[in-house]
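Trainee: Could you take one part of this model and walk me through it closely? I'd like to follow the reasoning as you go.

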Amino acid sequence: MQEFFHSVTLDRDKCMGCINCIKRCPTEAIRVRNKKAYIIKERCIDCGECIRVCPHHAKRAIYDSLDVVNQFEYVIALPAPSFMAQFNNLEDVDIVLNALLDFGFHEVYEVAKAAEIVSAATRILMKEGNLPRPVISSACPAVTRLIRVRFPGLIDHILPLLAPVEVAARISKREAAKKTGLPPEKIGTVFISPCPAKVTATKMPLGTEKSAVDAVIAVSEIYPKLVSVMKDTAAHPMQPLTEAGKIGLSWGSSSGECSGILNDNYLAADGIENVIRVLEDLEDEKFRDVDFIELNACSGGCVGGVLNVENPYVAKTKLYRIRKHLPVSLNHIDAVSSEMMWDTPLEYVPVLKLDEDVWTAMEKMAKVDEICATLEGLDCGSCGAPSCRALAEDVVRGLASADDCIFRYKSNITHLLDDLHKLENYIPAPFRPETGEEEKKEE
Amino acid sequence: MNGLKWTYEVDGSDFTRAGEASSNVKKNLRKLGVSPEVIRKVSIALYEGEINMVIHANGGKIDVEMTPEKIDMVLADTGKGIPDIEQAMQEGWSTAPDEVRSLGFGAGMGLPNMKKYSDEMRIESTVGVGTTVYMTVYIK
């Protein structure tokens, strides 16, 4: 049995047991039990939709505390491209990078820089032509996880390159070890993340055995602290630190990664429902002439991550403004090093399967159809499952009872009352008044 | 139990709904643990068939029957029929109207793709009466 770690978790005290999150989850991974939401771990892809939709803020992301900065001898900050879009009137990325040094990091390695390297590597791999077309981006961990559980036929299409943050962590750690002479375990790489899926991606990575990212902190947590540091940073002379161009920063919003392909035969979709629609169509080969597909689980791309502070659309505009005068790319490579490639193949995890044996699965599905036909079909969610069909499946899997349906429960009570009424009016023979029938029979 | 049966009515007037049957069958096959390759074959063949029914025959009816060995699909319509099946099977041959072509369909790959992705295919057609396409994909 595989162990599952998830960065999306529940604050039991805040959860009201309502149905907002169960209806929203793209993999039907949430049920309400004992008045609290419960996440089916095998199904969760850490997309963060439940965090976004919960009106009681009961869904939380787990991430590391800012104290991680003190837990290593040498600490490297890895700020996400979308992080630069969180600030007001920011004209120069260097202010943010210098402020991170003033905050306590020993070094900053922009994920945007690694993103440019990944873009260059993607161009090389696509030119070699061995990848099945269209190539699907592997950058959004929620999408990769979604494909793994729902779209097995598309696994071969996923770009076998590590995400920019992983590449950033590997390169920066290697270079820092050389520079400082410290052993790698004393060097900490800390990702400043817009999303919970990236937390899971470092604790339980796909495509590699172990992540080089040591800790993940939330943009929303470091942001207020950094803003106060920035005032002092702007007052003293700053080091020129940024090494990322237009392409690198563009990765922070939807279609940014595509722009790095330098080929306009691409498709970019964002928002989990749109992503699912594209993947469904792709599976049916509805479009065959696209070279590259970028998919982001969050609307707007990484700027839409639930750990960010700025409105995604405002952030996108800010990102355009900052990158406007930057050179196209500052990072070029001649060959793709193995350091950037997946070393573990992605495997299909059929979590939605009804049974190991096809014949038994078919019998179970017939049973699901049978139960479904007896339910109201309102998909009200009051039973704790997202739809009537999901309840019927839970019943067949042995996880629920059809009587959990409140309409069925009510009709059971009505039948019971009818029976009681009949019993109430029934007079047993010893008390039954004579009707005259008995005498007639005797005669 | 003999097998699972699914029936779909294909609405000939609504292009945006074409593909509902194939996507529903795909969802079921995934839950039944059918291999990705078989799912791919079935969903592509079925989708092409659905589109054909919408473009050429104003809709129709799809019956899918599954056993652990195979998946049988019967696509029946009461459209104008195919006068020359051999010609219709040729790649690139199309009688689709311009407004359908402008949507990106009508490339003359429908029937050839159905043949390519199914393990067995048979067409019965009578001009003026309708067309029935029988397709089978083997699971093992």
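Mentor: Sure. One cut-off before we start: a residue counts as buried when its relative accessible area is under 20%, and as exposed when that area is over 50%. Keep in mind too that this is a predicted model.

Let's try the cut-off on Thr131(B), which sits in strand 5 (residues 130–138) of chain B. Its relative accessibility is 5%, so Thr131(B) is buried. What does the side chain of Thr131(B) make a polar contact with? The partner is the side chain of Ser125(B), at 2.8 Å. Beyond its neighbours within four places in sequence, Thr131(B) is in contact with residues including Leu75(B), Ala76(B), Asp77(B), Gly81(B) and Ile82(B). Ile123(B), Glu124(B) and Ser125(B) are also among its contacts.

Now scale that up to a whole element, helix 5 (residues 141–150) of chain A. Ten of its ten residues are buried, so helix 5 of chain A is largely enclosed by the rest of the structure. That list takes in Arg145(A), Arg148(A) and Arg150(A), along with residues such as Val143(A), Leu146(A) and Ile147(A). The cover over these buried residues includes strand 7 (135–136), helix 7 (197–203), helix 11 (272–283) and strand 11 (292–296) of chain A, and helix 1 (20–31) of chain B joins in.

Strand 7 of chain A also bounds a loop worth a look: Pro134(A) lies between helix 4 (111–128) and that strand. The peptide bond from Arg133(A) to Pro134(A) is cis, with omega near -10°. For background, most peptide bonds are trans, and most residues other than glycine have a negative phi.

On the phi side, Lys35(A) has a positive value of about 65° without being a glycine. Lys35(A) is in the loop between strand 2 (30–33) and strand 3 (36–39) of chain A, and at 65% relative accessible area Lys35(A) is exposed. Asp379(A) has a positive phi as well, near 50°. Its relative accessible area is 33%, so Asp379(A) is partly exposed.

Asp379(A) is in the loop between helix 13 and helix 14 of chain A, which brings us to that pair. The axes of helix 13 (residues 358–374) and helix 14 (residues 388–396) of chain A come within 9 Å and cross at roughly 130°. That angle makes helix 13 of chain A oblique to helix 14 of chain A. Their crossing is right-handed. Among the residues making the contact are Met365(A), Val368(A) and Cys372(A) from helix 13 of chain A, and Ala392(A), Val395(A) and Val396(A) from helix 14 of chain A. By class, this contact has eight nonpolar, no polar and five charged residues.

Notes:
Residues are numbered from 1 along each chain as its sequence is written. Chains are lettered from A and ligands numbered from 1 in the order in which they are written. This is a predicted model: local features need pLDDT of at least 70, side-chain atom pairs count only at pLDDT 80 or more; totals for chains, interfaces and linings use all residues. Side-chain values use heavy atoms; hydrogens and water are left out. Helices (H or I, at least four residues) and strands (E, at least two) are DSSP runs, numbered from the N terminus. Buried means under 20% relative accessible area, exposed over 50%, partly exposed in between (1.4 Å probe, protein chains only). A polar contact is a pair of N or O atoms within 3.5 Å; within protein, one must be able to donate a hydrogen and the other to accept it, and residues adjacent in sequence count only if both atoms are side-chain atoms. Contact means heavy atoms within 4.5 Å. Axes are lines fitted to C-alpha atoms, for helices over the stretch in contact, and angles run from 0 to 180 degrees between N-to-C directions. Angles under 35 degrees count as roughly parallel, over 145 as roughly antiparallel, 65 to 115 as roughly perpendicular and the rest as oblique. A crossing is left-handed if the near helix is turned anticlockwise from the far one by less than a right angle, and right-handed if clockwise. Ala, Val, Leu, Ile, Met, Phe, Trp, Tyr, Cys and Pro count as nonpolar, Asp, Glu, Lys and Arg as charged, and the others, Gly among them, as polar.
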